[in-house]
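Reader: Hello! I am new to this structure and would love a close look at one part of it, with its surroundings explained step by step. Could you take me through it?

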Amino acid sequence: MSDHDIDPTSPRMAPKPEVTKINGRELKPSTLMMGHGFDPVLSEGSLKAPIFLTSTFAFPSAADGKRHFEGITGKRPGGADGLVYSRFNAPNQEILEDRLSVWDGAEDALSFSSGMTAICVLMLAYASQNDVIVHSGPLYAASEGFVAKILAKFGVTYVDFPAGATREQIDAVLEKARKQADEQGGKVCMVYLESPGNPTNALVDIEAVRDARNAALGEDCPIAIDNTFLGPLWQRPLEHGADIVVYSLTKYVGGHSDLVAGSIAGAKKWMDPVRMLRNTMGGICDPNTAWMLCRSLETVELRMSRAGENAAKVCDFLSKHPKVEGLGYLGMIKDARQQDIYDRHCLGAGSTFSLLLKGGEAECFRFLDSLKIAKLAVSLGGTETLASHPASMTHLSVAEGRRAELGISDNLVRISIGIEDADDLIADFEQALEAV
Ligand SMILES: *Cc1c(COP(=O)(O)O)cnc(C)c1O
């Protein structure tokens, strides 16, 4: 505390309990993002949280230090009740984690240095030798690779099923996984989903997965879901039976293509084993990135809403264009089963979709090279519109047969719509299509 402080006994300077309700009305996440989890009184009145660049924290007393370490090491359940060391947690990350929990209606959240760090630490926390992971397909290529190549080194195997599978198909997959686990002398340790799948936008029926899991495996086997493409606005998986929601915060949540980070959220009992492993391995988000993410969370609803509206207008234009063969856009689903999942699970169609051009790679490349506003880059969810060619870029390492199975054809362009002016974007796509 500096001598700039007003009398610390003044009521204006006392820490205030946080307001989350007014007249019985629960405040919405977009309101809570401006202050949740941070009291300016604790930081010289600074309206915004400072960035706490420190590796370690001073204990008020030796007894406090002991108590904190009992929490960190798991000797006492519930985790640390104070700050200890920045590999475990720190103020900016705690504020970020509190705010991320709000969006997903989760009890707890953990932040990581990237989406892949979150996914790898999550899986390592739950998988033991000879276990089986059940997962939907397609997954983000690095997630699929981590299961198939890295966890395989520890005797962990997997069974996958296509996104969009019916309850009967999921039942059969879980039965197969259970047998496989028995034969290996392990258990089914996790059901891992990604919905919608990339780049096809195929949706997983989370409710059917939950019912099948409850029937076949009981509730000790967690269902985790990568919600990067629709979260936190357009899909709320914890309300449909998922236990753990996973994000690459690099995408919509960060939203400005200027940082890399990840998170998971869910009930404390699901977070605790992951927190323990993160304490050991590291991989927590750094304070500067956590601060940037808190800034991003203040506008996430605005940005996603605008991007979603833009995508609807652009897709309306593209769907009528003679050089377009089709669109993989959640606002224009052709399949009744997929539409049913969408209606039950989704609150918006998102702003990331695939565009199928008439032709193949050559036509796609001419289209991509002609774009003037949209940037030619992988990733998604940023303020700017991006376009890429999965078959020759993000999914180049996927075997040709598997690529065909996943619907990743040579005439598929992946587009993530940003928050530019919608008519400007339409003009850009129109002139690029003319060049094809
Ligand atoms: C980008 C992405 C990831 C990986 O996240 P990073 O932040 O790049 O590590 C995982 N899942 C999905 C669906 C993604 O789009």
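Author: Happily; here is a walk around strand S13 and its sheet, followed by a visit to another strand and some salt bridges. Please keep in mind that this is a predicted model.

Let us begin with Ser388, which lies in strand S13. Is Ser388 buried or exposed? Its relative accessible area is 4%, and because buried means under 20%, Ser388 counts as buried. What does Ser388 touch, apart from its neighbours within four places in sequence? Its contacts are Leu368, Leu376, Ala377, Val378, Met393, Leu412, Val413 and Arg414. For a sense of distance, take Trp234: Ser388 and Trp234 are 154 residues apart in sequence, and their C-alpha atoms are 23 Å apart in space.

Now let us place the strand in its sheet. Five strands, in the order S10-S11-S14-S13-S12, form an open sheet with mixed pairing. At the edges stand S10 (324-328) and S12, each with a single partner strand, so one side of each is left without a neighbour in the sheet. Strand S13 is joined to strand S14 (residues 412-416) by 3 bridges, and the two run antiparallel. Within this pairing, Leu386 has Ser416 in S14 as its bridge partner.

One of the contacts of Ser388, Val378, leads us to the surface. Val378 is found in the loop between strand S12 (375-376) and strand S13 (386-388). With 44% relative accessibility, Val378 counts as partly exposed. Together with Phe365, Leu376 and Met393, Val378 makes a nonpolar surface patch of about 320 Å².

For another strand, turn to S6 (residues 188-194). Why can S6 be called largely enclosed by the rest of the structure? The reason is that 7 of its 7 residues are buried. Strand S4 (residues 132-137) and S6 run parallel and are joined by 4 bridges; there, Ile133 has Met190 in S6 as its bridge partner. Strand S7 (residues 223-226) also runs parallel to S6, again with 4 bridges, and Glu194 stands opposite Asp226 in S7. With helix H7 (residues 206-216) in the unit, S6 and S7 make a right-handed β-α-β unit.

The loop between S6 and H7 brings us to charged side chains. Arg337 forms a salt bridge with Asp205, with 3.2 Å between the closest N and O atoms. This pair links distant parts of the chain: Asp205 is in the loop between S6 and H7, Arg337 is in helix H10 (residues 336-345), and the two are 132 residues apart. Asp205 is buried at 4% relative accessibility, whereas Arg337 is partly exposed at 24%.

Back beside the patch residue Phe365, there is another pair to see. Glu363 and Arg366 form a salt bridge, the closest N and O atoms being 3.9 Å apart. Both lie in helix H11 (residues 361-370), 3 residues apart, about one turn of the helix. Salt bridges that share partners also join Asp205, Glu207, Arg337, Asp340 and Arg344 into one network.

A search of the whole structure finds 21 salt bridges. Among them is the one between Asp81 and Arg67, at 2.6 Å from N to O. Asp81 lies in the loop between helix H2 (62-72) and helix H3 (91-104) and Arg67 in helix H2, so this pair ties together parts that are 14 residues apart in sequence. Asp81 is partly exposed at 48% relative accessibility, and Arg67 is partly exposed at 30%.

How values were computed
Residues are numbered from 1 along each chain as its sequence is written. This is a predicted model: local features need pLDDT of at least 70, side-chain atom pairs count only at pLDDT 80 or more; totals for chains, interfaces and linings use all residues. Side-chain values use heavy atoms; hydrogens and water are left out. Patches are made of residues with over 30% relative accessible area and no salt bridge: like charges are joined within 9 Å, nonpolar side chains (Val, Leu, Ile, Met, Phe, Trp, Tyr) within 5 Å. Accessible areas come from the Shrake-Rupley method with a 1.4 Å probe; for residues, only the protein chains shown count as cover. A salt bridge is a side-chain nitrogen of Lys or Arg within 4 Å of a carboxyl oxygen of Asp or Glu. Buried means under 20% relative accessible area, exposed over 50%, partly exposed in between (1.4 Å probe, protein chains only). Two strands pair if DSSP finds at least two bridges between them. A crossover is right-handed if, with the strands pointing away from the viewer, the path from the first strand over the helix to the second runs clockwise. Contact means heavy atoms within 4.5 Å.
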